[in-house]
Amino acid sequence: MKKHIFLIAFSLCAILVNAQDSTQVEKRAFTLEEAILYGLDNGYNSRIAKKDVAIALKQKWEIIAQGLPQISGDANYTNNLKQPVTLIPSEVAGGEPGTFVPVTFGTQHSVNATGTWNQLIFDGSYIVGIQSAKTLLQISENAKVKTDLEVKKAITDAYGNVLLATESVEILKKNVATVEKNLSDTQKIFENGLAEEEDAEQLEITLLNLKTNLNNSIRMQAIAYDMLKVTMGIPVEEEIVATDDLNKLSKENFNLLLLSKEINIEENIDYRIAEDQTNLSEVEVKLEKSKALPTLSAFVNYGVAGYGDEFNFFDSNQEYFTQSVLGVNLSIPIFSSGMRSAKTAQKQLAFEQAKLELEQTRNQVKLEIANARNDYQFALENFENKERNLELAERIEKKNSIKFFEGIATSFELSEAQQQLFQAQQDYLQAMLDVINTKAELETLLDTTKYPETKDN
């Protein structure tokens, strides 16, 4: 009996453990490259930009379809509940002259159906409209490329901030442990009368500051993860983990060849977007000019109609009457009191303005690339400098710590060395992050990616 009870209890425990494990959601792990690929497919901005391209494709077909045959159908049923009465002279029916006879015309029920084929033969604005549709599609495609580049850079920044916060937490934990040990040792020395109480108090101040910074870094780490999840298109409730190492990642981004890379300015995405706007302005000028051209269209329709005093339109003996019309319509603009010329002049001025903005964009892109190169080169040099500074700060702090416990250095000298070390640690972390971020900025400006062509294009 005891054996059975034990087996039942053991089975229940196993079931509870398995149920608990099944409720725990495994954290998804991402390297920087994996995070970027995920964000390009699932990020909110990327998905919105992809929808914009799809909308532009449908708009393009909408404009093209306006010049293709248009067929419409029309059906109508009428029930004259009270038929209108018309008075006619009585003498028509052999009556007394000067009097009138009330009569009704038509039947109480009538039904008719008509099918119409419309065809645009010539319209200058239609031809220009097709050009504008292609330009609008090009704008949306380049906007998608621009969005993807911005998403890639944003994920790189957010991922780097996560690594920075994680490293800061780890370093601060080690610093707290070190200062706690120093404080404990100093208090024992003070209790033995070999140190001043002020020495212990100075270390306690340093420890309190470190713990405050540690708590803040832990909170910042959580915020950094939330920012990364939002940038990647992941709900903030889900758990993820960044697997790359900040030091390793910064060294992988140490690329001196990138500083000498050159591109044709016309291939920069910002220039291409400005060029698209210029092309659109030129199309709008052509559109206004095309409104002075004639428009030619044609139509043909075919219809049937039936009449009766009873609703018997589905009977086999119901008689129907057919009719068909063929027509051509020519519309010629003759005089608009200068309205068309004023609109054309406005669009021409806007086109000239767009060309000036395009030239401004060319120079702006050159300046941005030069600044990005300088920032990246400074980040590389600063990284080496901060790495050396950290090594020196660690040596100085270690020497002062030894001197302090040997009674040669004061607590203020040790505190100053510790603060210098703590600052050097944060500067080194920031320098590593700057290498990653400035490289991403320069790569974005030098990127010449084009939207992949599809059959719909």
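Colleague: Which residues have the most contacts inside the largest nonpolar core?

Modeller: Those are Leu228 and Met232, in a core of 48 residues. Keep in mind that this is a predicted model.

Colleague: And what makes it a nonpolar core?

Modeller: The name goes to buried nonpolar residues joined through side-chain atoms within 4.5 Å. Several elements feed this one: α2 (32-42), α4, α5, β6 (240-242), α6 (246-252), α7 (269-290), α8 (339-405) and α9 (411-446) each give at least two residues. The largest share, eleven residues, is from α9.

Colleague: Let's go to the charges. How many salt bridges does the structure hold?

Modeller: There are 16 salt bridges.

Colleague: Why is the pair glutamate 150 and lysine 153 called a salt bridge?

Modeller: The closest N and O atoms of glutamate 150 and lysine 153 are 3.9 Å apart. The cut-off is within 4 Å, so the pair counts. As for where they sit, the two are three residues apart in helix α4, which means about one helical turn separates them.

Colleague: Are those two residues buried or exposed, and how do you know?

Modeller: Lysine 153 has a relative accessibility of 15%. Buried means under 20%, so lysine 153 is buried. Glutamate 150 has 31%, and partly exposed covers what lies between 20% and 50%, so that is its label.

Colleague: Which residues are linked with them in a network of salt bridges?

Modeller: The network links Lys146, Glu150, Lys153, Asp270 and Glu441.

Colleague: What about helix α8: what makes arginine 388 and glutamate 391 a salt bridge?

Modeller: Their side chains meet at 3.3 Å, N to O. That is within 4 Å, so the term fits. Both lie in helix α8, three residues apart, about one turn of the helix. Arginine 388 is partly exposed at 41% relative accessibility, and glutamate 391 is partly exposed too, at 36%.

Colleague: And how do you know that arginine 362 and glutamate 359 form one?

Modeller: Here the N to O value is 3.8 Å, and the limit is 4 Å, so this pair also passes. Arginine 362 and glutamate 359 are three residues apart in helix α8, about one helical turn. Glutamate 359 has a relative accessible area of 41%, so partly exposed is the word for this residue.

Colleague: Now the surface. Which residues gather in a patch of negative charge?

Modeller: Glu196, Glu197, Glu198, Glu201 and Glu204. Glu counts as negative, so the patch gets that sign.

Colleague: Why is glutamate 196 called exposed?

Modeller: Its relative accessible area is 56%, and exposed means over 50%, so glutamate 196 qualifies. This residue lies in the loop between α4 (124-191) and α5 (197-232).

Colleague: Which residues form the nonpolar patch on the surface?

Modeller: Tyr44, Ile48, Val230 and Val236 form it, with about 340 Å² of accessible area together.

Colleague: What makes valine 236 fit for a patch, and where is its place?

Modeller: A patch residue needs over 30% relative accessible area, and valine 236 has 38%, so it clears that bar. Partly exposed is its class, and its place is in the loop between α5 and β6.

Colleague: Last one: what is phi of serine 337?

Modeller: Phi is near 60°, a positive value in a residue other than glycine. Serine 337 is in the loop between β8 (320-331) and α8. With 61% relative accessible area against a cut-off of over 50%, serine 337 is therefore exposed.

Note on methods
Residues are numbered from 1 along each chain as its sequence is written. This is a predicted model: local features need pLDDT of at least 70, side-chain atom pairs count only at pLDDT 80 or more; totals for chains, interfaces and linings use all residues. Side-chain values use heavy atoms; hydrogens and water are left out. Patches are made of residues with over 30% relative accessible area and no salt bridge: like charges are joined within 9 Å, nonpolar side chains (Val, Leu, Ile, Met, Phe, Trp, Tyr) within 5 Å. Accessible areas come from the Shrake-Rupley method with a 1.4 Å probe; for residues, only the protein chains shown count as cover. The place of a charge is taken as NZ of Lys, CZ of Arg, CG of Asp or CD of Glu. Helices (H or I, at least four residues) and strands (E, at least two) are DSSP runs, numbered from the N terminus. Buried means under 20% relative accessible area, exposed over 50%, partly exposed in between (1.4 Å probe, protein chains only).
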